[in-house]
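Q: Got a minute to go through this one with me? I'll start with the charges.

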Amino acid sequence: MRRLAQLVPILLGLSLLLFFWVRSLPGGPAAALLGERATPERVAQINRIYGLDRPVWEQYLDFLGRAARLDFGVSRMTERPVTEELVSRFPATAELAVVAILFAVGLGVPLGYLAARRHLTWIDNLSVAGSLIGVAIPVFFLGFLLKYLFAVQLGWLPPDGRQSPRLFVDHPTGFYVLDGLLRGDPASSWDALRHLILPGIALGTIPLAIITRITRAAVLDVLHKDYVRTAEAKGLTRAVVNRRHVLRNALLPVLTVTGLQVGLLLSGAVLTETVFAFPGVGSFLVDAIAARDYAVIQGFILVIAVIVVTVNLLVDLGYGLVDPRVRLR
Amino acid sequence: MTAADPAPLRQRAAPPDTEQAGISLGRDAWRRLRRDPVAIVGAVLVLLFVAVAFLAPVLAPWGPTDTPGKDLVTPTNVPGPSTEHWLGLDNLGRDELSRVLHGARQSLVVGVVSLLFGAVTGSLVGLVAGSFGGRIDNLIMRLMDIMLAVPGLLFAIGLAALLGHSLTSVMIAVGTVNVPVFARLLRGSMLTQRSADYALAITSLGVRRRTLILRHVLPNSLSPVIVQGTLTLATAIIDAAGLAFLGLSGTDPGVPEWGRMLAETQRYLSSAPHLAIFPGVAIVLAALGFTLLGESLREALDPTYRR
């Protein structure tokens, strides 16, 4: 509960920051909204309509009230409510982020574990080298290489988009993989999944590098603990020692780090979606930047920040669930 | 100690051990770095990157905006590497090698300036929080929490959009992202140092707080900041390239920038992949150099840390 209360000032501070961000834009929010069509008369008209001629604190409270109702205004590009735009694109990004995190955790934890168990062997060295190189590759360049190799050269996977153009099917949930299964059409689910593989790998590589490293370090740390030696001395099999003693303890820092990757995934999605022409919230943000659609940028950043802060809170709470020592404190 | 005690002999024969010979942290770190192959590879990459950035006008066969191959380029055919143009030509007939080499300057300037901006501002903020403690500390740290709630690249995008399309705004945006990182790091490190026994001893001698902080606590708290600084150079180069990739960098298309070179050549993916590969590899090598060097520095400065 105390942890939850700490979120309030952060979110309030953030809303204040974003409120003044739009107000500091060149020409103010009215000019930002009107773009090149801004004339003094039209600016005054917009200011009156949107209440921009009222005292600042009143405007802020108004903004806060609307933000709490998830009303971020209207997109200049599409002339539809920003929230509607974000909601319609969110499933795409969520699917992408899930594939990326599954890739990163599914490969990173076993790899890190193996590296620690085979400490100072070639597997270990390879995983260390791989994780150092992994964080140095920009996600957009990696996306580029994957697309060139596996889509353009080998033709194994589709180069861009969310589904093949010949598939015209309706999407009740917006999650294409799920929609296919719900309709009893596994072929379209498979098609959607194939579209997620390359961008998922591109987006998941930096988290993979980080998770591999943290798992390796955590397992190495736990392996040298007295209780592991005791467990081995008692004659427990390696599988039991691993499951009950090593992994349970070593996975705590991995859980924290995985939670921290959510922010990285969502900002990385902006670049990945651009490379793969993937119609999610990230590529929409890029269009919004080009069109100087500040309502979209503002809403997007606020929503992402809320997600990041909430996930961090959940990770903190989850930590208490898996580690009794944290609960006691 | 008697004459029969073999310890002094062993001390003389063995290479000097840190604690016994009393080597300073800096010299010990240097000794470790020199023996670390990862540090050597990192240093070579960093030196190469800096040398290329400084010597680009001498090394590059053409200027960044010269179009020696404009007659050879058609919309469907962009020639790849040849003996005359080692890395091929770009879509406007400019020499790709010359553009990549000149791009190093831009990356180095953006990386270093944004790092300095972020590290200096962040460290000052951390210094104030760490020295005063109490309410001021609390207020500053909550502000930093707010900044950290927005993922770095998104924060930079918002700031760059606010400041307008220019190189300066990219540098400020990328630098600002790092302010809370450095502030938290220095503050945390200072809090640890302030509660150390030596700080208590100095205080009990009647030394003023300012002297304690500036002469003793601060210098002892700096090593994590130095390590972070090196690692941040890598992320700053990648983030700046990311902003350029999104079209948020300077407005002069003639100035070669690795991130933008990658973005501009997306259309030629199948016909001229070299246009994306070379600037991409350049970003990776520069970032890798600083990452390797930073990791080795971390290990050298903190012997308890293991890669």
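Q: How far apart are the mean positions of the positive and negative charges of chain A?
A: They are 11 Å apart, taken over 32 positive and 24 negative charges. Lys and Arg count as positive, Asp and Glu as negative, with His and the chain ends not counted; each charge is placed at NZ of Lys, CZ of Arg, CG of Asp or CD of Glu.

Q: Ok, and what am I looking at, source-wise?
A: It's a predicted model, where local features need pLDDT of at least 70 and side-chain atom pairs 80 or more, while totals for chains, interfaces and linings use all residues. Residues are numbered from 1 along each chain as written, chains are lettered from A, and side-chain values use heavy atoms, leaving out hydrogens and water.

Q: How many helices and strands does chain A have?
A: 14 helices and zero strands, counting DSSP runs of H or I with at least four residues as helices and E with at least two as strands.

Q: What about domains?
A: Chain A is assigned domain 1 (2-68) and domain 2 (87-279), with bounds from an automatic or database assignment. Their C-alpha centres are 38 Å apart.

Q: Switching to A:Val306: where does it lie?
A: In helix H13 of chain A, residues 294-322. A:Val306 counts as partly exposed because its relative accessibility is 34%; under 20% would be buried and over 50% exposed (1.4 Å probe, protein chains only).

Q: And how far is A:Val306 from A:Leu14?
A: Their C-alpha atoms are 9.4 Å apart, with the two positions 292 residues apart along the chain.

Q: What share of chain A is buried?
A: 47% of its 329 residues.
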